[in-house]
Amino acid sequence: MYSHGSESLIKQAREIQESELQKFYGRLVRLLQAKEVGHETIDSLQRLHLILSATKFTRILPPELHKRILLLISSPLEQLQVLSSAVLRETLPLSGQEVNYSHLNSHAASLLVSQARSRPDVAPLCAQLFRTLESRQSEGPAHSITHTLPILNTVITHSPECLTEEHVTLLSKKLVDWLRYASITQGGGTSSGGFFSGPRSRQPGPIAELDGTVSGDFFTVLCVGQGFTEDQWMNVYSFSMLRNWLLTYHSVSNCNTTADSDDRSEVDGSVISMVSATSSSSRLLPPKERLREKAFQYCQRLIEQSDRKAHKRTDTELQKACLVEAVCILDCVCLEDTSLVYRVFPCIKALYGRLCSDLSFARVLVPIAQFYLNHGEMAAVDCEPVWQLVFGRFPAELFNDPFLAHELLRFLRLNIENLQLRVPQYTLSFPNLLKFLAWDSSAMVDDFVDLLPSLVTAGTAVELLHTLLDLPCLSATLVLQLRSACLPITEPSGRILQALDAFRNPSVRGLFLFLLRGEAGSGDTIERLSTLHELLTESADWPRVIQCAQTVPVLLHIFFNTVIKVADEKLLAHLILVQLERSSLLLKIPKYIKEVHRVFSCHLLKLCKLHPSLVVDQSHELLEFAGTTANVYSKEEVYTHVVWVLGEYLSVSCDARCSVRLITSCFEALEAVLFEITSSAPPAGAVCPNPRVITTLMSALAKLASRSHDLIPRISLFFSKLRTVTRGGSAAWCSDEEDLVAIVTRGEELWSLLKAPGVAQSVLTPPPHVNTAQWHRDTNVAMPLQLRTITSLTHSQ
């Protein structure tokens with residue numbers, strides 16, 4: 001939310017008149033013509049940026065003003081560089097605008113990249129950047145080379161197609177030089193002065209490690225000193241863009257390749273001459289292969305440096321970040337050249353052995369898991385301990401770590417197919433993985449929308465459905481698990497949490513432990529679910545639990561849409577039973593229950609439509625559910641659809657096993673419910689039944705009677721009584737007069753149909769060829785010609 005003052009300024013910027021805007025443009029041009037830029041000019045530029053960014057429309061500045069602002073990008077004052085680039089980002093570039101690529105800074109380059117529409121727009125910038133790289137340090141400004149690499153990385157990221165093979169060769173050479181041959185002495189610092197300041201006291205010392213010892217190897221990003229030289233900064237920049245470069249240069253076309261046998265390093269200094277004799281073999285490699293070799297050496301040194309104990313906490317975090325990047329780079333290198341796997345794997349294996357027992361390195365262990373997944377089979381190593389850690393301890397102990405959750409779920413999404421094929425633990429780990437979702441539903445739901453289909457198999461479907469329905473209970477249990485370490489446990493209001501006492505109670509502890517299980521296979525669900533829901537009653541208004549409950553219907557839709565692709569009819573029949581059972585066993589959150597019932601109803605219809613024989617297979621359970629009057633009031637949505645399914649698919653045309661006896665028993669069960677709810681007022685505390693329930697019951701009974709004509713007199717008797725009872729204009733079981741009229745009307749329509757049984761069966765249970773008629777496609781009838789004629793008339797002028 002903006003403050004009142006900010007909203008007022010934005011409103012003024014949006015409502016400025018065109019005439020006033022033109023005057024403002026003219027005044028700003030005059031200010032920019034002055035030799036010095038004052039506070040008034042800066043204030044005017046800030047106001048211009050507000051005017052341009054406050055509306056969704058992209059404006060075109062007057063040419064003179066645009067040129068003046070464009071010149072400010074090259075200003076020595078960074079404030080003017082930032083302001084001018086921000087203003088120009090909100091405008092359209094001038095047609096035919098020429099850019100001076102010889103004086104680029106990071107703001108100018110980012111502006112050019114953001115306004116580039118195609119490769120020709122970026123190609124000149126890219127060419128100039130590579131010319132800057134190719135030139136010696138003495139040929140350009142001292143700071144230009146340090147600005148070039150970050151800008152080039154941005155260009156490569158957004159427009160890799162502008163690169164040529166010559167560019168790849170040049171940059172690969174440069175990266176080798178900066179990564180491996182940076183200076184090993186500290187950068188020169190300013191002298192503190194004094195009597196003892198002299199040439200010897202100003203001599204730069206050697207670089208050091210994070211533990212304070214003098215570095216005995218080449219410079220890396222984990223080396224420290226009082227100051228850094230330019231090539232050391234380039235070393236840092238090179239490492240930061242190395243992975244992106246390794247992933248990008250494959251897309252470069254080879255059409256403009258030129259032979260370049262001279263692979264000598266172009267970095268000045270004595271360091272090259274010292275190491276050239278010892279690295280002659282690597283210098284004979286082509287640029288790309290040489291870069292991979294130096295990347296391996298660099299990352300190997302980083303892994304060694306990370307084992308040193310840093311003096312500062314920030315340096316410890318830096319070690320972890322560099323380890324993540326180093327492992328990712330080694331993975332890229334091995335994907336490019338599989339022969340390196342056998343050299344890299346011992347290093348990664350040793351790193352895993354060092355870190356696996358310390359969960360503070362969990363974010364480092366995720367890319368290690370990626371390495372094992374990509375290369376473990378080739379290296380013939382046992383990956384089982386890695387997967388036990390990733391799918392076991394991580395979700396169980398670090399479910400409340402948002403950074404790890406993001407990294408781990410991203411790893412899973414990127415490797416779904418490989419995990420399904422190579423890691424059996426993956427599909428069985430959903431009770432653990434869902435802890436991330438239960439803890440932070442809003443942040444993780446998008447990830448699980450992608451992951452859930454891969455977790456649905458014939459063997460896990462039933463348990464997964466129960467787990468999804470218990471997700472709000474799991475959310476509450478995780479809260480209790482964390483709070484149990486604190487004594488006493490109270491809410492902000494001061495009320496002691498009764499659920500926590502239950503969590504600690506040994507007699508019901510097993511219920512919570514089942515929710516916290518780490519792997520599937522210990523059972524689909526528990527027998528005392530209703531007891532668990534009673535214990536967690538107070539959690540129904542916890543924000544985290546409510547948020548979790550809101551995600552369950554979304555995931556249920558995905559589950560059912562996926563399970564019909566992998567399940568046979570036996571499993572689908574079992575899932576129908578689960579729906580009927582769990583419709584009354586949900587955590588007492590009214591909106592959650594309503595939404596779950598809606599999902600159950602929707603997919604019950606889909607399952608029965610796809611496999612009508614399921615209705616006969618599960619007729620006993622469906623009739624038991626439909627014959628319970630209490631379900632009319634407590635499970636209206638599910639009950640209505642169960643009744644509709646029975647009336648629609650309990651037919652010989654859907655399943656030859658459907659007997660007259662089965663139809664009669666179904667008719668009697670529904671008839672008893674219909675008579676009961678229309679002969680008395682609803683029970684205390686309940687509202688009148690929905691008119692849709694009553695009309696669905698009447699339609700189902702009429703359909704069943706049309707298939708067994710002996711039942712027609714019984715339903716006709718009900719329709720006649722219905723008309724007699726409602727002549728007074730009111731009924732205790734219907735509170736709305738319009739609804740009552742609609743119910744009676746529906747009853748009279750069905751009664752009229754049943755007076756002609758043959759017609760009733762054709763109307764209420766039409767044969768398949770009538771339901772799926774394709775007259776509009778049949779060329780042997782006149783319907784297609786009529787449709788085409790009508791279409792031509794309606795579309796004519």
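How many helices and strands does the secondary structure of the chain come to? The answer is 41 helices and 0 strands, in a model that is predicted.

**Figure 1. Overview of the predicted chain and its confidence.** The chain holds 797 residues, of which 48% are buried. Among contacts with a separation of 6 or more, 73% join residues 24 or more positions apart. The average pLDDT of the chain is 84, and 84% of the residues score at least 70. Two stretches with lower scores are shown in the next view.

**Figure 2. Two stretches with pLDDT below 50.** Over residues 138-142 the pLDDT stays under 50, and the model has 1 contact beyond four places in sequence for this stretch. Residues 190-198 also have a pLDDT below 50. Beyond near neighbours in sequence, residues 190-198 make 4 contacts in the model.

**Figure 3. The largest pocket, with a volume of about 750 Å³.** A total of 28 residues line this pocket, and the closest to its centre are Val324, Cys328, Arg363, Pro367 and Glu407. Two or more lining residues come from each of the elements α10 (230-248), α14 (313-336), α16 (362-379) and α18 (402-414). Of the elements, α14 gives the most to the lining, with 9 residues. Sorted by class, the lining of the largest pocket contains 16 nonpolar, 9 charged and 3 polar residues.

**Figure 4. The second largest cavity, with about 40 Å³ of space.** The count of cavities of 30 Å³ or more comes to 2. Thr467, Asp470, Leu471, Leu474, Leu515 and Arg517 line the second largest cavity. By class, this lining divides into 3 nonpolar, 2 charged and 1 polar residue.

**Figure 5. Two buried cysteines without a disulfide partner.** A disulfide is a covalent bond between the sulfur atoms of two cysteines. The whole structure, when searched, yields 0 disulfides. For cysteine 299, the closest cysteine sulfur belongs to cysteine 347 and lies 8.9 Å away, which is too far for a bond, given a cut-off of 2.5 Å between the sulfur atoms. Cysteine 299 has 0% relative accessibility and therefore counts as buried. Cysteine 334 has its closest cysteine sulfur in cysteine 332, and the distance of 9.5 Å is too far for a bond. Cysteine 334 also counts as buried, because its relative accessibility is 0%.

**Figure 6. Alanine 380 in the loop between α16 and α17 (384-398).** The phi angle of alanine 380 is near 55°, a positive value in a residue other than glycine. Alanine 380 counts as exposed because its relative accessibility is 66%, and the cut-off for an exposed residue is over 50%. The preceding helix of this loop, α16, also appears in Figure 3, as one of the elements that give two or more residues to the lining of the largest pocket.

**Figure 7. Valine 652 in the loop between α34 (636-649) and α35 (660-677).** Valine 652 has a relative accessibility of 54% and so counts as exposed. In sequence, valine 652 is 55 residues from arginine 707. In space, the C-alpha atoms of valine 652 and arginine 707 are 8.7 Å apart.

Technical notes:
Residues numbered from 1 in each chain as written. Predicted model: local features only at pLDDT ≥ 70, side-chain atom pairs only at ≥ 80, totals over all residues. Heavy atoms only, no water. 1 Å grid on protein atoms, 1.4 Å probe; cavity = no way out; pocket = protein on both sides within 12 Å on 5 of 7 lines; lining within 4 Å. Points joined across faces, edges and corners; volume = space filled by probe spheres on them. Helix = DSSP H or I, 4+ residues; strand = E, 2+ residues; numbered from the N terminus. Nonpolar A, V, L, I, M, F, W, Y, C, P; charged D, E, K, R; others polar. pLDDT = per-residue confidence, 0-100. Contact = heavy atoms within 4.5 Å. Buried < 20%, exposed > 50% of the residue type's maximum accessible area, 1.4 Å probe, protein only.
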